[in-house]
Structures are given as C-alpha cells and as structure tokens.
Amino acid sequence: MEGSPEDQKIVRALPEGATLLLISTSPILLQIAAAFASGLRGDEVLVETRLVSRRAEWRRLVPVADVVFADALAAPAVREARPRRLRELHLLGEKDLARVRKALNLAETAA
C-alpha cells in the first residue's frame, strides 16, 4: 500500500501528537494502513485502529481525531458521526490500480 499523494501529504502535515483514526471493515486493512501511517510518521502521531463493527469505540474517538481514514464500506457510517476531517482509504494507490486495470484489459483481450 502506498497511499495517494494527497493522503501522504495529510499524514505528513499532522502536528506532532495528533491523533489519526483508521476505521475499516477489515482487520487486515487496518494493519496495513497502520503500518503505512507509522512508516510516514513513526511515533510522532497516535494511530488508533478500529473495526467499523466496534461502533461505540470509534464513535468515542471521532471527536478527538485530527483526521479519520475509513475504507469505502465503513465511510458512510463514519460520515454520520461528522468527523472534523474524513478521508476515504483506498488499498491500492494510483500506480497499483493502473497495473491492475492494465492486467484486466490484457486478460479481456486474450479471452
């Protein structure tokens, strides 16, 4: 996972001590996203991860989070909680997505 340039910019611009909340339907995606955020900032920001099914937990954290990232399936529920800043998290960056599209087009052409 590389994250979009805009997502990387947002994470890098967070002040030291900021809280970044990651919400997803997938525990694996949460692990990947947490590693991505930590890779950009190390221990400078607090990274909290919550499954969307743990609604009471993440709803308590939304008001204090400086930015919330949610996957496409979790985003509608998270949006209702009105976070200060919400970004929809994508597993694949633009480069990876282009490679997948190209591979799928090649597979369609061969079929």
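In the predicted model, glutamate 48 is classed as buried, its relative accessible area being 19%, a value that falls just inside the class because the limit for a buried residue is set at under 20%. The side chain of glutamate 48 is paired with that of arginine 50 in a salt bridge whose closest N and O atoms lie 3.0 Å apart. This pair does not stand alone, as salt bridges with shared partners join Glu48, Arg50, Arg54 and Glu57 into one network. In total, eight salt bridges are counted in the model.

Two further salt bridges converge on arginine 87, a residue of strand S4, which spans residues 86–89. In one of them, arginine 87 is paired with glutamate 6, with a separation of 3.2 Å between the closest N and O atoms; glutamate 6 belongs to helix H1 (residues 5–13), and the two partners are 81 residues apart, so that distant parts of the chain are linked. Glutamate 6 itself is partly exposed, with a relative accessible area of 48%. In the other, the side chain of arginine 87 meets that of aspartate 7 at an N to O distance of 2.6 Å. Because aspartate 7 lies in helix H1 and arginine 87 in strand S4, this pair ties together parts of the chain that are 80 residues apart in sequence. Aspartate 7 has a relative accessibility of 5% and therefore counts as buried.

A contrasting case is provided by aspartate 71, which is located in strand S3 (residues 67–71). Although aspartate 71 is buried, no salt bridge is formed by this residue, and the nearest side chain of opposite charge, that of arginine 79, is 10 Å away. The distance of 10 Å to arginine 79 is to be set against the 4 Å limit that defines a salt bridge. The side chain of aspartate 71 does, however, reach a backbone atom, the nitrogen of leucine 73, at 3.1 Å.

Two loop residues were also examined. Arginine 82 is placed in the loop between helix H4 (75–80) and strand S4, where a positive phi of about 55° is found even though the residue is not a glycine. With 72% relative accessibility, arginine 82 counts as exposed. Alanine 65, by contrast, occupies the loop between helix H3 (55–61) and strand S3 and is buried, with a relative accessible area of 1%. The C-alpha atom of alanine 65 is separated by 9.8 Å from that of leucine 86, a residue 21 positions away along the chain.

The analysis of internal space yields one cavity of 30 Å³ or more, and the volume of the largest cavity is about 40 Å³. The lining of the largest cavity is made up of Val11, Leu20, Leu22, Ala33, Phe36, Ala37, Phe69 and Leu89. By class, this lining comprises eight nonpolar residues, with no polar and no charged residues. Strand S1 (19–24) and helix H2 (27–41) each contribute at least two residues to the lining, and the largest share, three residues, is supplied by helix H2.

Definitions and conventions. Residues numbered from 1 in each chain as written. Predicted model: local features only at pLDDT ≥ 70, side-chain atom pairs only at ≥ 80, totals over all residues. Heavy atoms only, no water. 1 Å grid on protein atoms, 1.4 Å probe; cavity = no way out; pocket = protein on both sides within 12 Å on 5 of 7 lines; lining within 4 Å. Points joined across faces, edges and corners; volume = space filled by probe spheres on them. Helix = DSSP H or I, 4+ residues; strand = E, 2+ residues; numbered from the N terminus. Nonpolar A, V, L, I, M, F, W, Y, C, P; charged D, E, K, R; others polar. Buried < 20%, exposed > 50% of the residue type's maximum accessible area, 1.4 Å probe, protein only. Lys, Arg positive; Asp, Glu negative; His and termini not counted. Polar contact = N/O pair within 3.5 Å; in protein donor to acceptor, adjacent residues only side chain to side chain.
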